[in-house]
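Hi,

Here is the model I promised to pass on. Have a look at it first, and my notes follow below.

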Amino acid sequence: MEIEKYNPNTLSVSAILGLIESGDIAIPEIQRPFVWKRKQVRDLLDSLYKGYPTGYLIIWKNPNVRLKDGTISSGKKILIDGQQRVTALMTAIAGIPVVQSNYKKDRIKIAFNPFEAFSEDSDAEIFQVQDSSHLKSKRWIPDISVLFKNDFSDYDFIQDYCDENPDMQPRELGKIITKIKAIGNRLIGVIELSDQLDIDVVTDIFIRINSKGTALSQGDFVMSKIAADEAHGGNALRKAIDYFAHLSVEPAFYDVVKNDDLEFAATEYCSKLAWLKNETEDVYDPDCDDVIRVAFMHKFSRAKLADLVSLLSGRDFATKEYRDDIIDDTYAKLKEGVLNTINGYSFKQFMITIRSAGFISKKLVNSQMALDFAYTLYLILSQSGEVSTGEVKRIVQKWYVLSVLTGRYTSSPESAFTRDIRMIRENGVVQTLKDFEDATLSDAFWNVRLVQNLSYTSTNNPSYLVYLAAQVMMKDVSLLSNNVLVRDLIEEAGDVHHIFPKQYLKDNGFEKSKYNQEANYAFLDTQVNKSIGKLPPKDYFGKAKQQCDTKEIEIGSITELEDLMKNLETNCVPTTVFDMDYNQYDEFLDARRKLMAQKIKDYYYSL
């Protein structure tokens, strides 16, 4: 028999706020930054005042859990859609401070003008976000939350207001006050999802109901689950994940966390994040989903975040019942996994691993998922003792490069994670990597597929990015230079030069898809690039060759023929370029792709 997926209902604004205050409904995002603009809060109040519909809230009930003594604990309800609307009501009506975009708590106060309420103008500004003018004005009620307080007296308020505004009639003001307070009785649609639904079904329902089609990641469900579980320190754990992600991008934010969030500062997590205040790493800035994924995969040997959501609910996958001891164990392991993931030493050593493989810039990274799994692999190997410490980095580097080259985590990454985690659990990392290589790295891959993969126009193509990483790791000198490294040009935003100049090809009838080929790209020092202009390759390479005899520099800085030929080899430029013009462009592209593919192969086997 098919279970009922949801139960539609309506609740008044006051009832919703009451259920949240009592803890019957948890708002997991209440501690995260409130992303609505203040004007949106004003607009919500205006809509409720005028009786306009404001959309549904979606609530997901946690399953009932069997406690150790055999009794059943009723699951808490979690608000998974509508947090912004409800948070807006909490700050504007209930007067509760919310976390702003700068992570500081503050009120959003909405002012009300009773005189404008009588206006027949549909665009009349009845509500406004409070500013200093509303505090000075006698006509404005500067903060409507006072009207909803339990000790609010209609009689006293009306009398005081009319004394200061003699042109306002007490009876009319009374009607207006009653209408404002009626906002608390406005009904909002509530959809309560069954506790028996799988997370994939919940996600699908969310997307179909949400008018904007906003994606809801499974990481969001995990954050919702842990934030709502105060008994297991879930909110502090959720903050640790959130703050780590934020500090990875804004290290200076640590002082705000330490000084303004005193409750979190008193937890063990705060000191664990202190290393980030001086961190400048930008190649890998994990977001909340990334932290959860890495923590879960390396600690639980599972990859589906839907499983983590179930485990956080206490699900026994064998009996399909929900037990309190499973929740206890899950939180203990997840906490350990998060602490491992945010550990300063582990993270820095992992980044040394990635950087020393040539991936020195975010510009060389096109797959956050591949980095997630590489970090997971690093933590697994660091703790398992399967290989020596020195071998850990080499294996992680090879796995990362190979997964990028083959697009292993590009399509359905979670399924690929699941498969790889299972194979690692059964066979170990070393054997799994060997099987991966044996199944993938055939001569056809290096000589055909990889060459074909270098025939695109995007500078974000993974094969091209690995080629650049190879140049970085091999300390390659840039084209036509004898001292400027490709590494330096990538880090300092050097020029990406068209070996067959773009304007030269355009002048000879080539389309964008043709002249913007990856095999036509090379990093150049800006001054060298300018000196080339739109000269045909045979002309400017000819000048570079000629200056090896005359020693009079015109192009680049190389004055020895042996150095010039080595420089071409380093940058995978075929020596036939000295005789090439646009008629040989296709021949050039084919030859250079093969040289680039060979360089990538040599690089991979050097790791």
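Start with the aromatics: Phe244, Trp275, Tyr284, Phe347, Phe350, Tyr375 and Tyr378 are joined into a cluster by ring pairs. Bear in mind as you look around that this is a predicted model.

Across the structure there are 37 aromatic pairs. One I'd pull up on screen is Phe373 with Phe417: the ring centres sit 5.5 Å apart and the planes meet at 15 degrees, so this pair is stacked. Phe373 belongs to helix α17 (residues 368-384) and Phe417 to helix α19 (residues 413-427), so the pair ties together parts that are 44 residues apart in sequence. Both rings come from buried residues: Phe373 has a relative accessibility of 0%, and Phe417 has a relative accessible area of 1%.

Rings also turn up with lysines over them. Lys179 lies over the face of Tyr49, 4.6 Å from the ring centre. Over the face of Phe300 you'll find Lys333, at 4.6 Å from the centre of that ring.

Next, a loop residue. Asp143 is in the loop that runs between α4 (132-136) and α5 (154-164). Is Asp143 buried or exposed? Its relative accessibility is 12%, and the cut-off for buried is under 20%, so Asp143 counts as buried. What does its side chain make a polar contact with? The partner is the side chain of Arg107, at 3.2 Å. Once you set aside neighbours within four places in sequence, the residues in contact with Asp143 are Ala92, Arg107, Lys109, Ile110, Ala111 and Gln130.

Last, the cysteines. How many disulfides does a search of the whole structure find? The count is zero. Cys548, for instance, is in no disulfide, and its nearest cysteine sulfur, in Cys572, is 20 Å away. Looking from the other side, the closest cysteine sulfur to that of Cys572 is the one in Cys548, and 20 Å is too far for a bond; the cut-off for a disulfide is 2.5 Å between the sulfurs. Cys548 is buried, at 7% relative accessible area, and Cys572 is buried too, at 4%.

If you only have a few minutes, I'd go to the stacked pair of Phe373 and Phe417, then to the polar contact between Asp143 and Arg107.

Cheers

Methods:
Residues numbered from 1 in each chain as written. Predicted model: local features only at pLDDT ≥ 70, side-chain atom pairs only at ≥ 80, totals over all residues. Heavy atoms only, no water. Helix = DSSP H or I, 4+ residues; strand = E, 2+ residues; numbered from the N terminus. Buried < 20%, exposed > 50% of the residue type's maximum accessible area, 1.4 Å probe, protein only. Polar contact = N/O pair within 3.5 Å; in protein donor to acceptor, adjacent residues only side chain to side chain. Contact = heavy atoms within 4.5 Å. Phe/Tyr/Trp six-rings, centres within 6.5 Å; stacked < 30°, edge-to-face > 60°. Lys NZ or Arg CZ within 6 Å of the ring centre and 35° of its normal.
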